[in-house]
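User: Please take a close look at one loop residue with an unusual backbone angle, and then set it in the context of the other parts that can be described. I would like a connected account rather than a list.

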Amino acid sequence: MTLTLKSVSKTYPDGTVALQPTELHVEPGEIVSLLGPSGCGKTTLLRIIAGLETPNAGSEVRFGDDDVTNMPVEHRKVGMVFQSYALFPNMSVKGNIAYGLKMQKLGRDAIEERVTEVIRLCQLEPYVDRRITALSGGQRQRVALARAFAPRPRILLLDEPLSALDAALRVTLREELAGLLRRFNITALFVTHDQDEAMAIADKVAVMSHGKVVQTGTPEELYRNPKTSFVAGFVGHAMQLEGQVRGSVLEMSGGRLELPRAGDDCDVYVRAEDVALDEAGPLKATVESSTFLGTHYRVGLSGLGARTIFANHAGQKSPALGSQVRVAMHPSALMLLPREDDRS
Amino acid sequence: MRPNAFVQLCFLPLIIFTLAFLALPLVRLFVSSVSGEDGWSIYWKVVTTPRYLDALLQTVFVSLAVTIAALVISTTVGLFLARNEFRGRGMILSVLTLPLAFPGVVIGFLIILLGGRQGLFNQITSGHVVFAYTMFGLFLGYLYFSIPRVLLTVMAATEKLDPALEEAARSLGAGSFHVIKDVIMPGLAPSLVAAGAIAFATAMGAFGTAFTLATNIDVLPMVIYTEFTLSANIAMAAALSVVLGLVTWLLLVIARSFSGTTAAAGG
Amino acid sequence: MKLTLPKMLQIAVTFVTCAFLLVPTLQSVLAGVTVNYFKGVSSGLTLKWIGRVWELYADSIFLSIWLAIACLVCTLIIGVPAAYGLARRPGWVSRVLEEFISLPLAIPGLALALALLQLYGSMKGFRTSWTFILAGHVLYTLPFMVRSVLAVLSVIDLKTLEEGAASLGAGPWRRFCDIVVPNAMPGILAGALTVVTLSIGEFNLTWMLHTPYLKTLPVGLADSYASMRLEVASAYTLVFFVIIVPLLMAMQWASNRAQRIAQ
């Protein structure tokens, strides 16, 4: 089922604009992530698609050819996984999963068959008759997913599905969730503030900021070709290099840096993995800090501008604190992005 | 979620019932109080006629005495039960809270069994110790139904006190007396004020106990009752009810602003 | 336990208080089964007085039980949806409404009864029917039901649970039956036991609202205290204890359970 949003916006009664007019198109079977910091309107957008929030007049939400803008949530046939999971504590695992099918007034056999199928798919067999309170966080997450998926929804919506879990579990369950969603073969939209999560699970990521989708693309596109400094910073933590751009050269306090092209009116960004400690490098810097992270050192460099620039250094030894080093950045790793007056 | 007509529908039975049996009757009660021959001046009459004023003062006096006694007793017992574990503690707690559901009439009867003509004290002393139908008997009756309510409030509040505060006070060298004075009592104070207000308001309005014991004592509920049934002075009965209702309601509102919740009134 | 002076004082007060509450209760139990209370237990034990009570007051007892059940049904129908509404629509309107329906806890029953009599006293058919007393009982017990259910509902994330059910296709009525009521059950149970206990023991309102043909158990009690011999009055009180004490214990158990859940 395709999902199409046309100028969907939301203003709360107190005048707060939660969502500016937004367009979005999701192909059948595609898994799309809405990525953004808290308060960027991503959850509001998801709730509008679910029918839990009413958008402003003029908004349009379509599932395939079906205009569902004014359809109440209970008739939309969406599957929703809530941040807190919202599992019914008065029902068993099986009762929760069967609930949506019961609402469709299916026969007992049909319900039984579908529930068994979904339980097997989500590997919940050992927990079928457990009470919700007797489940771990990870198990609850799977039950929530199974419950949303069981009634064969047109679209699956997930609101921060991993945020209720502790950090260690989150990484494991991220892979598991990605696998399950692919096996479900369903159009899915999920909200997250964690770029690793978005990249690991989604086919396509829509980055949101201040109630607007600022860029949509595959994880690789967003990483390699961010269109705004916000996307560059939010996806992959790009750092801004301070200095004066003259033609295709950036003049910094630590030296002159070759740019890939002429970039007047542009800001220059780089990621820590593209900053190399290289004796032949054109820039001079002082080692300010060094943190050992197992695979590499994260070295903080001062003298390249007012702000500290970090380098991921893969060598066997960290340079001594306070020592002078030479720094190189390959022109192709530098991102030239239009200067933004209104910094977000 | 969209504005939900169903949620509004849920209020409907409540609103119909409350309008019909609470709002309108209360309005009617007030209207009755001022539509006698005295009109609005009936409220002036309440505070100037000695009989009504005496009854009012007498009721306030006995309620105040009950409140103080109930607070002292319940705090002593409540702290003892909350801070000590021993066999039979649960049993004692049951004994002390069971009277919670006894109606006022039953409590009146129990006081008669203690201090009536065939009462325990009269039998033991074989003298003439009959106090059931006096002010003291009424005081005991009110005390009987106040103790469980105040006790429950005190114990709930004691359980919420952080034991670390007491331990801290002790570690700084405070003895039992100072721990109680400087740590426990300030912690309990809001609950005690609330419980006291409830005890006071309940005693002010207690009818059942007064009905059995106060045949010769003019407390406000009995005055209202006789004005209504014997003298058929509807306006005065209504006016006194309005005064009584306002006083008890205000007290409980103040009590709630101290503690957040109030236990059951009644009696 | 180390015995210090303050502790001994505490024990003494506790003991005297227990005695004060317990002794007359035991007296009334004993008097109800003693042949002649004035002569003492040595005159022998008997069930005769209980038999008398049954002859005289069986109707009152059944009326009270019937009223309690009817009152429970009414408070369930009015109170549970109302508590749900209050939980779903918090705000100043709900607070004022809750405060208003709680008035019968603060205003003495006598005043409420007078108010009801003023308004409905002239409607003869209603005034003399048992439903008039019922209205008084519902008025008095309703706030207990509403608060008990509301206390449980306000600690569960009702809104999200309902959104979950709605996203699975459940309409408002289904959500109320499948999600709200089952999850509010501990509060409903505690509220129900409170309502029944209070309704059976209610005197202040009932005394004013009753008619000579409609006497409830506590009204009968007052009647027996005024006009019957002490043994009969005691035996009747004993019957009342037998009904009310188990209810009270069940009520306290259910309230504690609901409170634990609400924490």
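Analyst: The residue to begin with is A:Tyr85, which lies in the loop of chain A between β6 (78–81) and α2 (93–103). The model is a predicted one, and in it A:Tyr85 has a positive phi of about 75 degrees although it is not a glycine. A:Tyr85 counts as buried because its relative accessibility is 4%, and the cut-off for that class is under 20%.

A second residue of chain A offers a useful parallel. A:Arg152 is also not a glycine and has a positive phi, here of about 50 degrees, and its place is in the loop between α4 (137–149) and β7 (155–159) of chain A. With a relative accessibility of 46%, however, A:Arg152 counts as partly exposed, whereas A:Tyr85 is buried.

A further loop residue of chain A can be described through its contacts. A:Glu30 is found between β2 (17–26) and β3 (31–35), and its relative accessibility of 15% places it among the buried residues. Leaving out residues up to four places away in sequence, A:Glu30 touches A:His25, A:Ile186, A:Thr187, A:Ala188, A:Asp203 and A:Lys204.

Turning to chain B, the place of B:Thr97 is in helix α4 (residues 89–97). B:Thr97 is buried, since its relative accessible area is 4%. Apart from neighbours within four places in sequence, its contacts are B:Pro148 and B:Leu152 in chain B, together with C:Leu248 and C:Gln252 in chain C. Computed along the sequence, B:Asn84 is 13 residues from B:Thr97, and the two C-alpha atoms are 18 Å apart in space.

The contacts of B:Thr97 with C:Leu248 and C:Gln252 lead on to chain C. Chain C holds 12 helices and zero strands, so that its elements, read from the N terminus, run α-α-α-α-α-α-α-α-α-α-α-α. According to the unreviewed UniProt entry, the annotation "transmembrane region" covers residues 61–87, 99–120, 132–156, 176–200 and 233–254 of chain C. For residues 233–254, the chain is 100% helix and 0% strand, with the end C-alpha atoms 31 Å apart; for residues 61–87, the chain is likewise 100% helix and 0% strand, and the end C-alpha atoms lie 37 Å apart.

Helix α2 (residues 48–88) of chain C deserves a closer description. It has 41 residues and reaches 56 Å from its first C-alpha to its last, close to the 60 Å expected at 1.5 Å a residue, and it bends by about 70 degrees at C:Tyr57.

As for chain C as a whole, its C-alpha atoms fill a box of roughly 75 × 65 × 30 Å along the principal axes. Of the 263 residues in the chain, 60% are buried, and among the contacts between residues at least 6 apart in sequence, 73% join residues at least 24 apart. The chain exposes about 10,700 Å², of which carbon and sulfur atoms supply 70%.

Definitions and conventions. Residues numbered from 1 in each chain as written. Chains lettered and ligands numbered in written order. Predicted model: local features only at pLDDT ≥ 70, side-chain atom pairs only at ≥ 80, totals over all residues. Heavy atoms only, no water. Helix = DSSP H or I, 4+ residues; strand = E, 2+ residues; numbered from the N terminus. Buried < 20%, exposed > 50% of the residue type's maximum accessible area, 1.4 Å probe, protein only. Contact = heavy atoms within 4.5 Å. UniProt positions renumbered as here; feature names shortened; annotations may be inferred. Expected span 1.5 Å × (residues − 1). Bend = angle between axes of the 7 residues up to and from the residue. Areas by Shrake-Rupley, 256 points an atom, 1.4 Å probe, with all protein chains shown as cover.
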